Amino acid sequence: MKFVFTEDQLQFQDTMRGFLSQECTPDSIRSGWVDKQPLNQQRWNAIAELGVLGANLSEEDGGLGVDQVALALMVEEMGYVALPEPIAEQSFLINDVLHLFPDQIQDAIRAEFNEGKEYIAVSHPQNPHPVFLSEAKGLIMIDETSCHFVKPSDVSSELIKSNDPSRVLSRILGVKNTISSDDNFQQLNQEINSRGTLLTASLLLGLSQKMLDLSSAYVLDRNQFGKPIGSFQAVKHMLADIAVAIEFARPAVYRASYSLLETNPKSALHCAHAKYMAVKAAELACKNSIQAHGAMGYTWEMDLHIYMRKSWSLMACWGNDDYQQNIIFNTLRSSDDELGVLYTF
Amino acid sequence: MQILKMKISFTEEQNTFRQEIRSWLVANLPKEKLKSLDTKEGFEQHREWEKTLNSGNWSMVTWPKEYGGRGLNLIEWLIFEEEYYRVEAPTRVNQNGVFLLGPTLMEFGTDDQKNKFLNAMASGDHIWAQGWSEPGAGSDMAAIRTTAVLEDGFFVINGQKTWSSRAAYADYTFGLFRTDLESERHHGLSFILAPLDLPGITVRPIPQLDGEPGFAEIYFDDVRVPVENMIGGEGDGWKIAMATAGFERGLMLRSPARFQQTAAKLLSLYLENESQCSPAIQAKIVEAWAKSESYALSIYHTASKMMSGASIGSESSLGKIFWSELDYMMHETALKILGASAELDEEQHQNAAQWIKGFMFSYAGPIYAGTNEIQKNIIAERLLGLPR
């Protein structure tokens with residue numbers, strides 16, 4: 001039992017943090033909004049040059065072979081800066097399950113995605129509106145029974161607006177020339193679902209931490225009654241509550257990542273747990289952060305809403321806490337395991 | 001070679017250890033449920049149980065062998081706790097000793113003090129009471145006024161302690177006393193161990209919400225305690241007490257097994273009564289599982305980090321808030337499931353009586369070991385960097 005990270009895993013996180021703090025500032029996100037080009041091609045290319053886009057592909061597939069635990073740490077950093085590029089919840093997702101796709105679909109992805117450096121969008125019942133479809137070289141569609149690959153030129157779609165200007169969504173109206181298969185569908189669908197769930201949970205952890213950090217800085221800076229509002233207990237306690245929620249969501253996300261790495265038979269439950277805890281933390285982070293900012297938090301000018309909007313969207317994508325609650329409940333109810341003291345590990 | 005490769009599962013040795021404690025508990029658990037440890041008879045039954053535990057070297061598995069322990073690590077202690085709670089073994093009447101004072105002595109005590117107190121603690125010969133709070137010093141512990149004046153190798157103690165857990169029947173108390181009469185706040189305090197049978201000590205038990213005297217007031221009237229009973233130096237008391245409070249809020253006082261066991265029992269209670277429950281109860285069942293699971297993961301994560309050389313500080317305040325709120329929520333949910341049976345006593349409904357007793361105790365969680373409001377101040381000031 002060694003529930004600690006390796007030097008390598010922490011190194012990936014540090015590198016990601018250092019890079020993103022320079023490349024993904026609130027100003028750069030806002031200028032993407034103004035230009036109606038939230039996906040920044042320059043930043044995409046820079047991330048590609050770092051080798052990050054194929055990070056979790058195996059080395060024979062041209063990647064770095066980064067494991068799911070390190071990936072969770074890197075994704076947390078992407079959440080922390082509200083990275084508009086959907087690298088975590090789309091690129092890493094496809095890379096991670098590449099080997100599970102039916103052969104003809106796998107070949108089609110490989111032909112287009114240039115070892116992860118080109119973008120493949122995903123639609124799924126839990127993520128029905130693919131992001132940045134116009135930038136994609138291919139679209140993976142999962143429905144209730146099978147998996148499809150289609151080239152964007154064969155998709156008829158309309159743009160729909162997200163409450164988060166960093167997300168450009170599409171509604172799919174029709175497709176032609178699809179490569180379709182239901183081979184290995186159950187497993188593929190389950191693994192995609194688990195990863196979508198976990199990767200959004202990791203993003204939410206980073207986003208929650210960012211909102212807490214912004215709020216801590218704001219309440220130190222803002223004076224009323226002759227002192228920083230952060231010296232008042234009512235304000236302190238709101239922020240302390242966020243810190244508690246994040247602290248106990250984190251190990252759930254790390255454990256779920258490890259379960260995927262070890263192909264633990266309970267990984268679906270562990271991913272649901274991670275998202276459930278991460279959504280609860282993010283909800284509280286949004287609510288208490290805007291309250292700590294007062295009226296300033298309710299303005300477009302303040303950066304807080306960059307992170308709130310991203311959180312609201314990601315809480316709902318790949319199954320919100322209510323959805324995860326059902327998964328957990330049904331598992332608890334039907335499991336032959338006594339889900340108690342002896343069944344955590 | 002990756003020395004620190006993450007591994008979230010138990011080793012063969014750890015599984016063997018689990019089997020060992022499991023078999024021992026099966027063979028040695030009291031055949032009949034002990035009386036409440038807050039009654040005179042029950043207290044002595046629990047002392048006997050501590051002696052039985054010690055006869056198998058199970059008092060505190062992390063302590064060195066010379067003091068009655070097994071020299072094991074924190075992970076193995078967590079395994080011990082899991083097996084202990086799984087069979088609902090008796091409450092540790094000496095938890096103030098083994099979980100709080102023990103680690104403090106290990107870190108700050110002299111060899112003589114360790115020899116005198118640790119073995120007697122492990123064997124249950126000395127059962128310990130806490131002596132922190134005073135009538136005017138609760139959350140504001142630095143307002144302590146009970147004095148200990150040095151005179152011919154003895155401290156002469158005068159004043160009053162209160163909310164002293166286990167003091168009604170315990171043998172010793174440990175706490176902070178003002179040794180420098182000119183001092184203020186957290187300066188000039190010393191950490192002193194006092195036998196409760198000395199002349200000049202009066203213990204007045206205080207019945208708790210369940211009607212039993214789980215804590216007491218202790219009056220000191222010219223009580224003479226030998227200077228050898230001071231831990232650390234004069235005036236070091238605050239620093240040492242903070243370390244003790246850290247143990248209490250941190251790993252030792254509330255290991256995750258306790259809450260996981262409650263969550264599992266809550267699930268069973270739900271399944272027995274499912275037809276009468278609304279979906280709102282399902283949500284609480286999931287919350288109970290998810291949070292107790294998270295708490296366990298967090299503690300294993302923390303224990304692993306500590307074993308890799310990290311130390312635990314103000315982070316322990318996060319856990320104290322989390323488990324105390326969780327415990328309350330789980331018991332509240334159990335009462336909702338029980339419905340009109342929830343108020344019935346043991347003769348009418350044994351299960352309900354257990355839950356309501358636990359429910360009342362869960363109200364104490366956000367108060368003892370430093371109220372949750374104080375913990376939130378600590379988090380805000382020391383972890384988030386907000387001003388005092």
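Here is a short tour of selections to make in this predicted model, with what you will find at each stop.

**Stop one: a strand in chain B**

Start by selecting residues 189–195 of chain B, which make up strand β5. Of its 7 residues, 6 are buried, so the rest of the structure largely encloses this strand. Now add residues 172–178 of chain B, strand β4: it pairs with β5(B) in the antiparallel sense, over 7 bridges. To see the register, show B:Thr173, which stands opposite B:Ala194 in β5(B). Next bring in β8, residues 230–231 of chain B, another antiparallel partner of β5(B), this time over 2 bridges. Here the pair to display is B:Phe191 and B:Ile231, the latter in β8(B), standing opposite one another. While you have side chains on, remember that in a regular strand they alternate between the two faces of the sheet.

**Stop two: a helix in chain B**

Move on to residues 256–272 of chain B, helix α7. Put a distance between its end C-alpha atoms and you should get 25 Å; 17 residues at 1.5 Å a residue should span 24 Å, so the two agree. This helix is largely enclosed too, because 12 of its 17 residues are buried. Among the buried ones are B:Phe259, B:Leu266, B:Leu267, B:Leu269 and B:Tyr270. What do the buried residues of α7(B) pack against? Within chain B, select α3 (74–86), α8 (279–307) and α9 (316–338); then cross to chain A for α11 (321–334).

**Stop three: where the chains meet**

That last helix is a handy way into the contact between the chains, which takes 41 residues from chain A and 51 residues from chain B. On chain A's side, color α7 (185–221), α8 (233–261), α9 (267–293) and α11: each supplies at least two residues of the side that touches chain B. The largest share, 13 residues, comes from α8(A). Color that side of chain A by residue type and it divides into 25 nonpolar, 10 polar and 6 charged.

**Stop four: two positive phi values**

Finish with a pair of loop residues. In chain A, pick A:Asn114, in the loop between α6 (103–113) and β1 (120–123). Its phi is near 50°, positive in a residue other than glycine. Then go to B:Ala369, in the loop between α10 (350–364) and α11 (372–383) of chain B. B:Ala369 is not a glycine either, yet has a positive phi of about 60°.

Are these residues buried or partly exposed? A:Asn114 counts as partly exposed because it has 14 C-beta neighbours inside 10 Å. B:Ala369 has 25 inside 10 Å, so it counts as buried.

Key. Residues are numbered from 1 along each chain as its sequence is written. Chains are lettered from A and ligands numbered from 1 in the order in which they are written. This is a predicted model: local features need pLDDT of at least 70, side-chain atom pairs count only at pLDDT 80 or more; totals for chains, interfaces and linings use all residues. A residue is buried if 20 or more other C-beta atoms lie within 10 Å of its own, exposed if 12 or fewer, and partly exposed in between; C-beta atoms are placed from the backbone. Helices (H or I, at least four residues) and strands (E, at least two) are DSSP runs, numbered from the N terminus. Two strands pair if DSSP finds at least two bridges between them. The expected span of a helix is 1.5 Å times one less than its number of residues. Two residues are in contact if their C-beta atoms, placed from the backbone, lie within 7 Å. Ala, Val, Leu, Ile, Met, Phe, Trp, Tyr, Cys and Pro count as nonpolar, Asp, Glu, Lys and Arg as charged, and the others, Gly among them, as polar.
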